[in-house]
Each structure stands twice: as structure tokens, then as C-alpha cells.
Amino acid sequence: MKYQKEMNTKITGSGSYIPTEIVTNKDFTKHVFLNDDGTAFPLPNEVITEKFYDITGIEERRYVSDDLTTSDIATIAAQRAIEAANIDAETLDYIIFAHNFGDVKKGAIQTDLLPTLATRVKYNLRIKNPSCVCYDMLFGCPGWVEGVIQAHAFIKAGMAKKCLVIGAETLSRVVDRHDRDSMIYSDGAGATVIETTEDESGILAHETATFTYDEAYYLFFGNSFNKDHDPDVRYIKMHGRKIYEFALSNVPKAMKSCLEKSGIEIDQVKKILIHQANEKMDEAIINRFYKLFEKTTPEGIMPMSIHKLGNSSVATVPTLYDLLVKGELENHSLNKGDVILFASVGAGMNVNAIVYRV
């Protein structure tokens with residue numbers, strides 16, 4: 001009896017859009033930062049930005065120009081991924097778009113999700129095929145990773161052969177300028193084409209978990225710290241210390257479980273592409289991950305883009321991957337057969353990981 005070779009899934013093309021507007025830490029020295037009760041923050045802005053850099057590693061971030069929205073920059077990244085994969089967009093079975101706030105126009109106070117952003121990207125790409133199904137994913141910062149896991153499931157189940165997975169966000173439109181945490185956030189878009197493969201590359205294992213019992217509202221929409229602002233206008237807010245402690249406790253465990261399911265030894269992992277949330281937090285997560293195996297963190301295992309690009313939520317991991325495969329990250333490269341580990345944590349609170357062979 002002749003057995004059909006089991007199919008796997010792999011990334012065949014990637015693309016990203018890095019916005020053109022550069023905002024440095026120095027630009028925040030003009031802001032009026034307040035405590036959450038509306039009182040003046042006691043330290044001068046120069047000290048605030050210095051401490052911010054020491055903790056996060058962020059020197060500057062990118063914001064979209066006034067004329068662009070999340071679906072616009074997602075379309076650019078998607079076009080680049082489709083070109084890199086060398087496929088006809090009409091052959092896509094799914095477009096999965098991970099974001100959190102929809103299209104928010106410059107100066108607007110309302111998010112726009114009708115139609116879905118995935119539908120808008122399909123429209124912008126001028127895809128006629130009605131069998132190309134589009135949907136949005138609201139999953140916090142781990143949204144792109146989870147979208148890849150879903151595309152993998154569709155392909156393994158025989159429901160699809162080609163999927164486009166996008167992560168894009170314009171967080172600059174939903175930040176409270178009076179909140180010091182606003183300095184973390186940025187804009188960007190990353191996209192990947194996921195296809196079937198018969199070789200040994202692709203997704204080897206994945207892991208996902210959602211923690212809500214105590215953790216559901218660690219990230220939330222809340223009022224401006226400026227009590228004179230309209231109380232019905234909301235902004236992205238977070239309990240930073242709680243998120244830090246949660247991430248250190250749960251992300252390394254998810255990564256370990258995922259790696260063990262893959263059958264790959266930790267010494268075989270060449271790179272770890274983790275959500276670019278906060279340099280100190282990411283370093284602590286990676287160090288704790290290696291400690292679970294009684295290992296020391298290898299030099300150069302974790303490429304970083306946060307220093308210049310900030311935290312663009314769902315866009316950080318696919319953008320980082322795109323920069324890595326295209327040789328645009330100094331002192332980092334990938335070769336055929338290398339094993340990498342994707343990992344992310346974010347609102348929900350959600351944690352996920354993928355072990356992937358290039």
C-alpha cells in the first residue's frame with residue numbers, strides 16, 4: 001500500500017511596513033505626564049525618559065503618517081509577503097488579520113471595524129475569489145502568532161492550502177499622552193504567507209493559553225490621566241508590574257512545553273523571536289526559559305527591533321521575522337534547517353509559542 005506523505009505548513013513569504021514618522025524619546029520631554037489620579041508627576045521629563053530607556057531599551061518608535069490607517073499599512077505588508085511568496089493572491093484560501101483596535105483615523109475618537117480589516121485588505125488587493133475567506137482576530141499582542149497557528153490548523157485539516165496572516169496596529173492613535181506608558185507603543189505591520197510543504201521545514205509544535213481568572217484586565221481601555229479630558233474617550237492602559245510578573249511566570253513555561261512537544265533539544269534552537277514588548281522583560285523571559293533547562297542563555301539568541309521600532313503589538317513578531325529573513329538585522333541571520341522559536345504575551349491575558357524549522 002502506498003502512503004501519502006504527511007503535509008506540513010511553512011512560511012513561504014513575508015513582508016512588513018515600517019512607518020516613516022520617527023518619534024524619539026526626546027520628543028516626549030514636551031509632554032505633561034500625570035499620575036493616574038491626575039496629579040502632576042514629581043520628576044522632570046528628562047528623568048522620566050531616561051528611566052524609561054533604561055527599563056524598556058526603546059530609543060525611538062515609528063508612527064504612521066496622518067493619511068494612513070491600520071488596514072492601509074497591512075495591505076502594503078501583505079502585498080510584499082505575496083510577492084515574496086511568488087503566489088497569485090487569487091489562490092489564497094484565508095486572510096487572517098490580527099489587530100486590536102481596528103482602523104482609527106487621525107484625530108478620531110471611534111474605532112472602525114465595519115467592514116472587518118481583513119475584508120478591507122482583500123478589497124485593497126483586488127482579490128475576486130469569493131472562496132478567499134476573511135476574518136479579524138482580536139487576541140492581544142499574540143494575535144499574529146495565533147493567526148499562524150490557526151492557518152496551520154486549516155491546512156492540516158485539508159481546509160486550505162494558502163493563508164495570509166497579518167499583524168498590524170496603529171497604537172499611536174489610542175494612547176493617552178499624559179500616561180508615561182504611552183512612550184512604549186508604536187505603529188507597524190507584518191504579514192506572512194503560510195502554505196503546505198512536503199519537506200521537513202515548517203511548524204513543529206505550538207502552544208496557546210488564556211489566563212482570565214485574575215488576569216483578564218491587566219490591559220484595558222481607560223480614561224485619560226488628565227481629568228479635564230472627556231471621560232467617554234478611552235485609551236489603552238495597563239498594569240505594567242502585574243504584566244511583567246505574569247509574563248515571567250507563564251511565558252517561559254509555554255515555551256518549554258512547546259519545545260518539548262516538538263522533540264527539539266534546546267541547544268538546537270538558533271533564534272528566539274519574542275514579542276518586542278520591553279527589553280528588560282524579554283531578556284528576563286529568555287533567561288528564565290533557559291534556566292528551566294538548567295542552561296545559560298546563549299549569546300545572540302534573541303534578535304531585537306524594539307530599540308528603534310518600539311512596541312507595535314501584533315506587528316512586532318512578523319516584522320522581526322521579515323527583517324531577520326531579509327538580512328536586515330545586524331549580526332543575525334537564518335539558514336535553511338535552522339530551528340527558531342516564536343513566543344508572545346499580551347492582553348487577555350494570552351500566551352503562545354511556535355517551534356518552527358526554516
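Two strands are taken to pair if DSSP finds at least two bridges between them. In this predicted model, strand E8 (residues 202-210) pairs with strand E13 in the antiparallel sense, over 8 bridges. Thr-210 has Asn-350 as its bridge partner in E13. Strand E12 (residues 339-346) also runs antiparallel to E13 and is joined to it by 8 bridges. Within that pairing, Ala-343 is matched with Ala-353 of E13.

E13 spans residues 350-357, and 7 of its 8 residues are buried, so the strand is largely enclosed by the rest of the structure. In a regular strand, side chains alternate between the two faces of the sheet. The connection between E12 and E13 is a hairpin with 3 residues between the strands. Gly-348, in the turn, has a positive phi of about 145°. The peptide bond that joins Gly-348 and Met-349 is cis, with omega about -10°. Met-349 is placed in the loop between E12 and E13.

E12 and E13 each supply at least two residues of the largest nonpolar core. This core has 54 residues, and Met-255 and Ile-272 touch the most other members. Other elements that each give at least two residues are helix H1 (45-56), strand E10 (235-238), helix H5 (240-262), strand E11 (269-274) and helix H6 (279-292). The contribution of H5, at 9 residues, is the most to this core. With residues up to four places away in sequence not counted, Ile-272 touches Met-255, Ile-286, Phe-289, Tyr-290, Ile-301, Met-302, Pro-303 and Leu-341. A second, separate core consists of 29 residues, among them Val-145, Leu-334, Phe-342 and Ile-354.

A residue in another part of the chain is Val-165, which lies in strand E6. Val-165 has a relative accessible area of 0% and is therefore buried. When neighbours within four places in sequence are left aside, Val-165 is in contact with Ile-96, Trp-144, Gly-147, Val-148, Ala-151, Gly-190, Ala-191, Thr-192 and Ile-194. Met-302, one of the residues that Ile-272 touches, is 137 residues from Val-165 along the chain, and the C-alpha atoms of the two are separated by 23 Å.

Strand E6 (162-170) is also among the elements that cover the buried residues of helix H3. The cover of H3 further includes helix H2 (70-85), strand E4 (94-98) and strand E5 (133-137). H3 comprises residues 117-124, in which Leu-117, Ala-118, Arg-120, Val-121 and Lys-122 are buried. An α-helix has 3.6 residues a turn, so residues three or four places apart point the same way. Pro-115 is found in the loop between E4 and H3. A cis peptide bond, with omega about 0°, joins Leu-114 to Pro-115.

On the other side of the helix in sequence, H3 is followed by Arg-126. Arg-126 is not a glycine, yet its phi is positive, at about 60°. Arg-126 is found in the loop between H3 and E5. With a relative accessible area of 54%, Arg-126 is exposed, because the cut-off for that class is over 50%.

Helix H8 (316-325) has 9 of its 10 residues buried, so H8 is largely enclosed by the rest of the structure. The buried residues are Thr-316, Val-317, Pro-318, Thr-319, Leu-320, Tyr-321, Asp-322, Leu-323 and Leu-324. Gly-327, which has a positive phi near 70°, follows H8. The loop between H8 and E12 holds Asn-331. Asn-331 has a positive phi of about 70° although it is not a glycine. The relative accessible area of Asn-331 is 73%, and the residue is exposed.

A search of the whole structure for cavities of 30 Å³ or more finds 1. The largest cavity has a volume of about 90 Å³. Its lining is made up of 16 residues, of which Asp-187, Gly-188, Leu-309, Ser-312 and Thr-319 lie nearest the centre of the cavity. Thr-319 is one of the buried residues of H8. H8 and strand E7 (187-197) each supply at least two residues of the lining. The largest share, 3 residues, comes from E7. By residue class, the lining of the largest cavity divides into 6 nonpolar, 8 polar and 2 charged residues.

How values were computed
Residues numbered from 1 in each chain as written. Predicted model: local features only at pLDDT ≥ 70, side-chain atom pairs only at ≥ 80, totals over all residues. Heavy atoms only, no water. Buried < 20%, exposed > 50% of the residue type's maximum accessible area, 1.4 Å probe, protein only. Helix = DSSP H or I, 4+ residues; strand = E, 2+ residues; numbered from the N terminus. 1 Å grid on protein atoms, 1.4 Å probe; cavity = no way out; pocket = protein on both sides within 12 Å on 5 of 7 lines; lining within 4 Å. Points joined across faces, edges and corners; volume = space filled by probe spheres on them. Nonpolar A, V, L, I, M, F, W, Y, C, P; charged D, E, K, R; others polar. Core = buried A, V, L, I, M, F, W, Y, C linked by side-chain atoms within 4.5 Å. Contact = heavy atoms within 4.5 Å.
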